[in-house]
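Colleague: I'm new to this one and would like a close look at a single part. Could you take me through it slowly once we both have it on screen?

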Amino acid sequence: MTRTGAILRATSVRFTALYFLPYYTALVAEGRARWQWVALGAVYWCAHGLGTESLNRLADRTEDEINRPERTALCHRAGFPLLRRAALVGWGTVLVLDVVLLIAHPDWWLALFLFLAGFSGVNYSYGLRLSRNRWLAPLLLTFHFGGTFVIGTVLAQDHWDAQVLRDFAGYGLPFFAVGMVTLLALGGAKDLTDLAGDASIGYHSAWIDLLRRHGARLAAAMVGSTYLLVALFVLTGAFPPRFWLWLLLIPVAAALGRCLWRAATPGERHATREFFYQYWVLSLAVAALLYAPRWELLPGLVGGLAFWAVTTQRLHWSGGVRRETVRTAVALVRGGHPRRGGPPAGAEYAQEREERTG
């Protein structure tokens with residue numbers, strides 16, 4: 001494996017799809033999916049993801065040695081100096097493209113949200129290290145990904161007037177709210193595999209603590225919040241009736257909820273975390289088709305999903321979705337009684353750390 005390959009795997013390049021799909025959906029919905037904005041967006045969000053994840057690897061090196069030794073091994077293979085250069089290249093590219101976007105489309109709202117996107121990316125794990133605040137971290141994470149939809153919407157506007165604002169408040173804003181609530185409710189699943197390392201630096205995920213305290217009922221409420229909100233918006237007229245189709249994902253969401261509550265071993269938590277990411281992408285794809293049902297959506301949607309699939313299997317530190325991952329998730333959904341209190345804590349942190357570090 002080359003050093004470049006190690007960097008790409010260690011920095012989760014597949015996240016580009018999670019940034020790009022909401023951005024592209026917004027452009028299509030506004031009828032402004034010009035190839036220039038699409039191409040710039042693809043490069044922009046790839047660079048944004050590379051810069052963000054590179055800083056995350058640098059900032060969380062201590063806990064990652066425990067949580068994700070396989071990912072840290074990739075960082076060592078590439079070399080941490082190269083990882084620092086990757087962060088500089090990523091954020092340098094973002095800065096250059098910020099200038100390009102603002103010259104091509106001068107808009108104060110666009111400038112504000114581009115700044116917020118950069119601020120959240122740099123300061124989530126580096127800089128101000130806002131991810132160390134157990135209550136602020138989930139909120140920041142939701143905007144970090146959900147804000148790309150707003151940037152796409154703003155970029156598509158030729159001018160701002162009362163009608164544009166009313167249209168966004170009546171349709172775009174509810175759609176944005178559903179995405180934010182989904183991530184706020186479920187984004188903490190990424191912490192499932194980080195218990196031991198986080199405990200070693202004195203950090204405890206508020207999401208994990210709430211799940212441990214309230215158990216299966218809270219897990220059900222978390223996954224159900226998306227569909228409750230969608231139903232509410234359809235009933236009030238904010239969403240057209242076709243959005244009822246989104247509720248077809250409820251069985252998948254219910255299966256995820258069972259995994260969130262039942263996962264106890266390192267292997268089970270890894271499978272559940274990967275299940276969450278695959279569910280997120282599936283939900284994004286369905287949401288995009290319902291929000292902007294136009295033929296222009298298909299190239300970007302298919303391309304984004306193909307990129308996600310290839311990078312998950314070929315360019316991700318976890319090795320992708322394997323047969324064992326699927327078997328573990330299916331077993332969690334089907335049965336067995338979860339440990340009392342949910343995800344393991346206390347002395348089990350130390351045991352898991354020994355298992356990982358050998």
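Is Arg32 buried or exposed? Please start there and work outwards.

Modeller: Happy to, and keep in mind that this is a predicted model. Arg32 is buried: its relative accessible area is 11%, and the cut-off for buried is under 20%. The side chain of Arg32 has a partner, since it forms a salt bridge with Asp158, with N and O 3.1 Å apart. That bridge ties together distant parts of the chain, with the two positions 126 residues apart. Arg32 sits in the loop between H2 and helix H3 (35–59), while Asp158 belongs to the loop between helix H8 (136–155) and helix H9 (162–186). Asp158 itself is exposed, at 62% relative accessible area, so this bridge joins a buried residue to an exposed one.

Now step back along the chain. Just after H2 comes Gly31, which has a positive phi of about 70°. H2 covers residues 15–29, and it makes a nice little check: 15 residues at 1.5 Å each should span 21 Å, and the C-alpha atoms at its ends are 22 Å apart, so the two agree. H2 is also mostly covered, with 14 of its 15 residues buried.

H2 turns up again around an empty space. There are eight cavities of 30 Å³ or more, and the second largest holds about 290 Å³. Its lining has 20 residues, and the closest to the centre are Pro22, Phe175, Gly179, Trp280 and Leu284. H2, H8, H9 and H13 each give two or more residues to that lining. H9 supplies the largest share, seven residues.

Phe175 leads us on to Phe243, because those two are in contact, their heavy atoms being within 4.5 Å. Apart from its close sequence neighbours, Phe243 also touches Tyr171, Val230, Val234, Leu290 and Tyr291. Phe243 is among the residues with the most contacts inside the largest nonpolar core, along with Leu186, Trp246 and Leu260. That core has 102 residues, and helix H13 (residues 266–291) gives the most to it, with 13. In soluble globular proteins, nonpolar side chains tend to be buried together.

Back to charges for the last stretch. Side chains of opposite charge can pair when their charged atoms come close. The model has eight salt bridges, and the one at Arg32 has some company worth visiting.

Take Asp60 and Arg129, whose side chains meet with N and O 3.4 Å apart. This pair links distant parts of the chain too, 69 residues apart: Asp60 is in the loop between H3 and helix H4 (61–67), and Arg129 is in the loop between helix H7 (108–123) and H8. Asp60 is buried at 12% relative accessible area, whereas Arg129 is partly exposed at 30%.

Glu324 and Arg327 give you a local pair, three residues apart in helix H15 (residues 323–334), or about one turn of the helix. Their closest N and O atoms are 2.9 Å apart. Glu324 is partly exposed at 46% relative accessibility, and Arg327 is partly exposed as well, at 48%.

Finally, look for Glu53, Arg57, Asp64 and Arg71, which are linked in a network of salt bridges.

Methods:
Residues numbered from 1 in each chain as written. Predicted model: local features only at pLDDT ≥ 70, side-chain atom pairs only at ≥ 80, totals over all residues. Heavy atoms only, no water. Helix = DSSP H or I, 4+ residues; strand = E, 2+ residues; numbered from the N terminus. Expected span 1.5 Å × (residues − 1). Buried < 20%, exposed > 50% of the residue type's maximum accessible area, 1.4 Å probe, protein only. Salt bridge = Lys/Arg side-chain N within 4 Å of Asp/Glu carboxyl O. Core = buried A, V, L, I, M, F, W, Y, C linked by side-chain atoms within 4.5 Å. 1 Å grid on protein atoms, 1.4 Å probe; cavity = no way out; pocket = protein on both sides within 12 Å on 5 of 7 lines; lining within 4 Å. Points joined across faces, edges and corners; volume = space filled by probe spheres on them. Lists of a residue's contacts leave out its neighbours within four places in sequence.
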